[in-house]
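Here is a walk through one predicted model, written for someone who would rather be at the bench. Have the structure open and follow along.

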Amino acid sequence: MPNIDILVLAIIQGVAEFLPVSSSGHLILVPQFYCWPDQSLIMSVAIRLGTLLALLLYFWRDLLNMTQGAIKVLRGKRDGRVRLIGLLLVGALPALAAGYFVDLYLSQSLRDPRIVAFALIGFGLLLYAADRLGLTVRRIEHMSWGAAFTIGVFQCLAFIPGVSRMGAAMTIARIMGFERPDAARFSLLLSIPVIAGAGLYQGWRLFQVADPLVLTHAGLMVVLSAIAGFLAIAFLMYWVRRASFTPFVVYRVGLGLVMLYLIYLAGGVTC
């Protein structure tokens, strides 16, 4: 894979993974625009590990607090910080289970630009409606186990390219009345066990059999996607404290309409 491909795809994944615009959709569309071959499995894993690194770096304080709370509980003391760990695990279970099924039976059949285009538009409009109509009365401290599980179930829709894991999680969180910063923060934290569960084991197996050149490219992808992802997280958390999700909706709908035009009126998007 040429270095320009590595650079572009790593940055796209790092940015789109944490903004409600669908990283998987972009990673399907961009190679078709530029006639690039599909990225290898090891490159996909490397990008995933890079986005996991970005999450760990940005939320290190939250992770440290949860770890300290867990240690206190293991010592027989009470600590409210472990409740967030439980909420994240409950929310991650549906995606981990669904991910195995999708990877086994549906991963290739969903890689259709038409699916991406319609998902970008449909779930973009749903995000807009949820953001406009949803109340802003709940914070993470008010989240129940049922709410965490519901967010996790709704997040499974992101296995459809074009939906967006962040977009799906924040949509249902806003419908349930969570404030934008809390919806974004919980959705991002929920990505940690989901991405870790999906990428670490597979990554370890692949890196053991990869040749040095592939490992060099994979390492570059990890670093670039981590940097891009960290900046995207910082931007998202800055934005949701001050404004709505409308710009992301406009981008999603605009990109989806362009894709439909290219597919149905301009002869397609492939080379």
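## How the helices cross

H2 and H6 are oblique to each other, because their axes cross at roughly 130°, and angles count as roughly antiparallel only over 145 degrees. The two axes come within 10 Å, and the crossing of H2 and H6 is left-handed. H2 itself covers residues 23–33, while H6 takes in residues 113–133.

H2 also meets H11, with axes that come within 13 Å and cross at roughly 45°. That angle makes H2 oblique to H11 as well, and here too the crossing is left-handed.

Then there is H6 against H11, the helix that spans residues 246–264. Their axes sit 8 Å apart and the packing angle is about 155°, which means H6 is roughly antiparallel to H11. This crossing is left-handed. If you sort the contact of H6 with H11 by residue class, you get 18 nonpolar, three polar and three charged residues.

Here are the three pairs in one place.

| Helix pair | Axis angle | Axis distance |
|---|---|---|
| H2 and H6 | roughly 130° | within 10 Å |
| H2 and H11 | roughly 45° | within 13 Å |
| H6 and H11 | about 155° | 8 Å |

## The overall picture

Stepping back, the protein chain has 11 helices and zero strands, so read from the N terminus on, the elements are simply α after α. Of its 271 residues, 49% count as buried.

What sits in the largest nonpolar core? There are 50 residues in this core, and the ones that touch the most other members are Leu55, Met143, Ile151, Phe186, Leu188, Ile233 and Leu236. Several helices supply it: H3 (41–58), H5, H6, H7 (145–155), H8 (165–175), H9 (180–209), H10 (212–240) and H11 each give two or more residues. H9 gives the most, with 10 residues. As background, nonpolar side chains tend to be buried together in soluble globular proteins.

## H8 and its two ends

H8 is worth a look on its own. This helix is mostly covered, with 10 of its 11 residues buried. Which residues of H8 are buried? They are Arg165, Met166, Gly167, Ala168, Ala169, Met170, Thr171, Ile172, Ala173 and Arg174. Note that the list has Arg165 and Arg174 in it, alongside nonpolar residues such as Met166 and Ile172.

At the N-terminal end of H8, Ser164 acts as the cap: one of its side-chain oxygens lies 3.4 Å from the backbone nitrogen of Met166. Ser164 belongs to the loop between H7 and H8. Its relative accessibility is 4%, so Ser164 counts as buried. Its backbone is also notable, since phi of Ser164 is near 90°, a positive value in a residue other than glycine. After H8 comes Gly177, which has a positive phi too, near 95°.

## Loop residues to click on

Ser22 is another residue that is not a glycine but has a positive phi, in this case about 80°. For context, most residues other than glycine have a negative phi. Ser22 is placed in the loop between H1 (3–16) and H2. Is Ser22 buried or exposed? Ser22 is buried, because its relative accessible area is just 1%, and the cut-off for buried is under 20%.

Asp112 is in the loop between H5 (82–105) and H6. With a relative accessibility of 19%, Asp112 still counts as buried, since that value falls under the 20% cut-off. The side chain of Asp112 makes a polar contact with the side chain of Arg114, at 2.8 Å.

Gly80 gives you the opposite case. This glycine lies in the loop between H4 (60–74) and H5, and its relative accessible area of 65% makes Gly80 exposed. Gly80 and Ala70 are 10 residues apart along the chain, and their C-alpha atoms are separated by 9.4 Å.

Technical notes. Residues numbered from 1 in each chain as written. Predicted model: local features only at pLDDT ≥ 70, side-chain atom pairs only at ≥ 80, totals over all residues. Heavy atoms only, no water. Axes fitted to C-alpha atoms, helices over the stretch in contact; angles between N-to-C directions. Helix = DSSP H or I, 4+ residues; strand = E, 2+ residues; numbered from the N terminus. Parallel < 35°, antiparallel > 145°, perpendicular 65-115°, else oblique. Left-handed = near helix turned anticlockwise from the far one by under 90°. Buried < 20%, exposed > 50% of the residue type's maximum accessible area, 1.4 Å probe, protein only. Polar contact = N/O pair within 3.5 Å; in protein donor to acceptor, adjacent residues only side chain to side chain. Core = buried A, V, L, I, M, F, W, Y, C linked by side-chain atoms within 4.5 Å.
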